[in-house]
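Reader: Could we go through this model together, beginning with how the protein meets the DNA?

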2 protein chains.
Amino acid sequence: MSDATGPDAAAGRGHAALVEDGVEFDGRDAALLRAVDAAGSVAGAASALGRSRARALSRIETLEDAYGTLVERRRGGEGGGGSRLAASGRDLLDRYDRLQAVLAATASVPETVLRGTVEAIDGEIAVVDTAVGALSGLHGATGDEDAGGDGSDGGTVAAGDPVQVRIGADAVTVNDAASEVDPDATSARNRLTGRVSRIDSGETVSTVRIGVEPVDRGERVEAAVEVAALITAESVGRLGLAPGDRVSLRWKATATRLVAHAE
Amino acid sequence: MSDATGPDAAAGRGHAALVEDGVEFDGRDAALLRAVDAAGSVAGAASALGRSRARALSRIETLEDAYGTLVERRRGGEGGGGSRLAASGRDLLDRYDRLQAVLAATASVPETVLRGTVEAIDGEIAVVDTAVGALSGLHGATGDEDAGGDGSDGGTVAAGDPVQVRIGADAVTVNDAASEVDPDATSARNRLTGRVSRIDSGETVSTVRIGVEPVDRGERVEAAVEVAALITAESVGRLGLAPGDRVSLRWKATATRLVAHAE
DNA sequence: CACCGTTGTATCTATGCCGATACAACGACG
DNA sequence: CGTCGTTGTATCGGCATAGATACAACGGTG
């Protein structure tokens with residue numbers, strides 16, 4: 001939306017919901033629970049949201065069938081009764097909020113996507129051959145597949161497969177190329193060197209793009225690769241970064257994700 | 001559901017869709033595009049999926065109204081015609097797959113959640129007072145709010161607000177406490193020290209939990225805080241990590257996210 | 001020129017979800 | 001004991017979406 005910070009950074013608005021037992025918990029449900037918390041009754045929540053009370057109640061029941069008790073309801077008594085958000089309902093809202101935060105983050109944080117082919121797989125970590133050399137990262141396979149989902153996404157990756165390597169700009173650390181750190185003192189494994197090509201400064205956060213030289217591989221000429229790094233403006237100042245500077249990039253293998261890439 | 005690999009890792013199943021122009025692109029649409037790519041025709045794709053051909057076609061049209069050309073359709077000719085996935089359709093599938101990868105990652109990567117109150121806001125970065133001291137992180141506010149969305153999530157954060165600080169375990173770097181690195185050479189700002197409390201070893205990736213002492217704050221006694229870090233098993237070996245060891249943690253402010261926490 | 005399987009297009013029907021409405025049950029309070 | 005506002009429960013109609021069906025248009029192929 002905003003402007004020309006990144007080519008496509010904000011292009012991917014999304015919508016996410018929790019799923020348990022086949023029941024989706026989406027923004028509408030979150031709003032309902034929040035309204036119940038605010039109003040102290042399902043009836044009040046429904047009228048505040050302009051929704052049907054009976055529907056709201058039955059919706060809560062189907063949610064509770066899947067997620068457990070969410071709202072403690074009581075009828076009769078002072079004020080005719082009322083409903084309070086249960087602790088587990090609050091937890092569910094927290095989970096939902098965190099999911100939304102992750103989604104907003106992926107939409108607003110630029111990512112670098114490289115094509116590559118899997119060289120080797122060792123447990124959860126795969127080594128991928130890319131234009132800028134071998135990179136290692138996690139492939140999402142945490143054991144199970146989304147049952148009601150898609151077709152061929154995520155899932156397993158095998159040696160030789162074409163994949164995309166996804167590096168979130170917030171995972172990349174920028175160092176002065178001169179002061180090289182002892183490689184044995186840190187758990188960040190992927191490293192590259194390159195030259196700063198552009199700095200997009202935000203208020204307190206800057207997106208630094210670093211041009212990385214492709215490795216020499218026979219006749220095949222690869223286009224230059226730009227890796228984005230999101231760092232605080234303060235760090236830009238502290239490192240004295242300016243276009244043309246040589247820097248070293250570093251990020252953890254566990255912050256790198258592989259996506260199976262059909263074709 | 002599955003079993004006891006991780007305590008709760010798979011608890012947060014989710015479902016995400018891209019949204020553009022009010023039109024959702026979800027797993028069902030992804031499966032349709034993939035089937036078109038495989039079958040070479042919308043008719044073949046529909047029958048392969050057991051869906052109505054006419055509906056599939058009209059669905060593709062509404063998708064194209066929002067996302068641009070996705071499928072190149074041709075009628076008449078050899079084989080009676082056919083359809084091919086356009087390049088932009090392939091790109092859209094890639095975007096969707098990456099979104100799914102992010103979602104799967106957040107479901108499988110542990111995160112540390114701390115409660116805190118916002119101390120100060122400086123642009124996109126906020127400083128939050130937590131049980132383990134002041135931490136800085138991004139608040140999702142990228143300028144706009146989800147129109148058709150929720151109520152009080154994400155959005156803006158103000159000084160004094162209670163928030164949750166979310167730290168993905170894949171963003172935390174573990175260092176030997178002894179060999180302290182020159183603080184001016186790196187752009188990672190948040191740092192803590194603590195003792196390793198537990199190491200859950202996967203095949204090649206381990207989740208290390210580090211107990212961090214809460215800062216002393218008068219009479220108020222806070223429970224000990226455990227921060228999770230996801231690092232390669234190789235790094236565990238290289239650093240010689242074992243329960244009880246003193247380590248220093250480090251992660252970037254830009255990899256820390258704040259979630260407004262009602263109440 | 002007829003054939004073929006596909007893309008377009010229109011229409012009818014079934015299904016599921018939501019709002020609207022109505023009524024019974026509940027229990028503290030006055 | 002009646003009042004009150006809520007929770008439960010059932011039913012009806014509206015609306016959007018998907019499937020089913022039918023038919024026209026298209027353009028290589030034989």
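**DNA contacts and helix packing**

Author: A polar side-chain atom of Arg28(A) lies 3.2 Å from a phosphate oxygen of DNA strand C, as a polar contact (a pair of N or O atoms within 3.5 Å). The model is predicted, with local features needing pLDDT of at least 70 and side-chain atom pairs pLDDT 80 or more, whereas totals for chains, interfaces and linings use all residues. Residues are numbered from 1 along each chain as written, chains are lettered from A and ligands numbered from 1 in written order, and side-chain values use heavy atoms, without hydrogens or water.

Reader: Which residues reach the base atoms of DNA strand C?

Author: A backbone N or O atom of Gly77(A) is 3.2 Å from a base nitrogen, and a polar side-chain atom of Arg75(B) is 3.1 Å from a base oxygen. Two or more residues of the surface near this strand come from each of α3 of chain A and α2 (42-49), α3, β3 (71-75) and β4 (81-85) of chain B; these elements are DSSP runs, helices (H or I) of at least four residues and strands (E) of at least two.

Reader: Which residues come nearest to DNA strand C?

Author: Gly76(A), Val42(B), Arg53(B), Gly80(B) and Ser83(B) do, out of 23 around the strand, where near means a heavy atom within 4 Å. Sugar and phosphate make up 52% of the strand C atoms within 4 Å of the protein.

Reader: And around DNA strand D, which come nearest?

Author: Of 24 residues, the nearest are Val42(A), Arg53(A), Gly80(A), Ser83(A) and Gly76(B). Here sugar and phosphate provide 53% of the strand D atoms within 4 Å of the protein.

Reader: What do the arginines touch on strand D?

Author: The side chain of Arg53(A) has an N or O atom 2.7 Å from a base oxygen, and that of Arg55(B) has one 3.2 Å from a base nitrogen. On the backbone side, an N or O atom of Ala43(A) lies 3.0 Å from a phosphate oxygen of strand D.

Reader: Changing topic: how do α1 and α2 of chain A pack?

Author: Helix α1 (residues 27-39) and helix α2 (residues 42-49) of chain A pack at about 120 degrees, with axes 8 Å apart; axes are lines fitted to C-alpha atoms over the stretch in contact, and angles between N-to-C directions run from 0 to 180 degrees. They are therefore oblique to each other, a class left after roughly parallel (under 35 degrees), roughly antiparallel (over 145) and roughly perpendicular (65 to 115).

Reader: Which residues meet there?

Author: Ala31(A), Leu32(A), Ala35(A), Val36(A) and Ala39(A) of α1(A) meet Val42(A), Gly44(A), Ala45(A) and Leu49(A) of α2(A), contact being heavy atoms within 4.5 Å.

Notes: A polar contact is a pair of N or O atoms within 3.5 Å; within protein, one must be able to donate a hydrogen and the other to accept it, and residues adjacent in sequence count only if both atoms are side-chain atoms.
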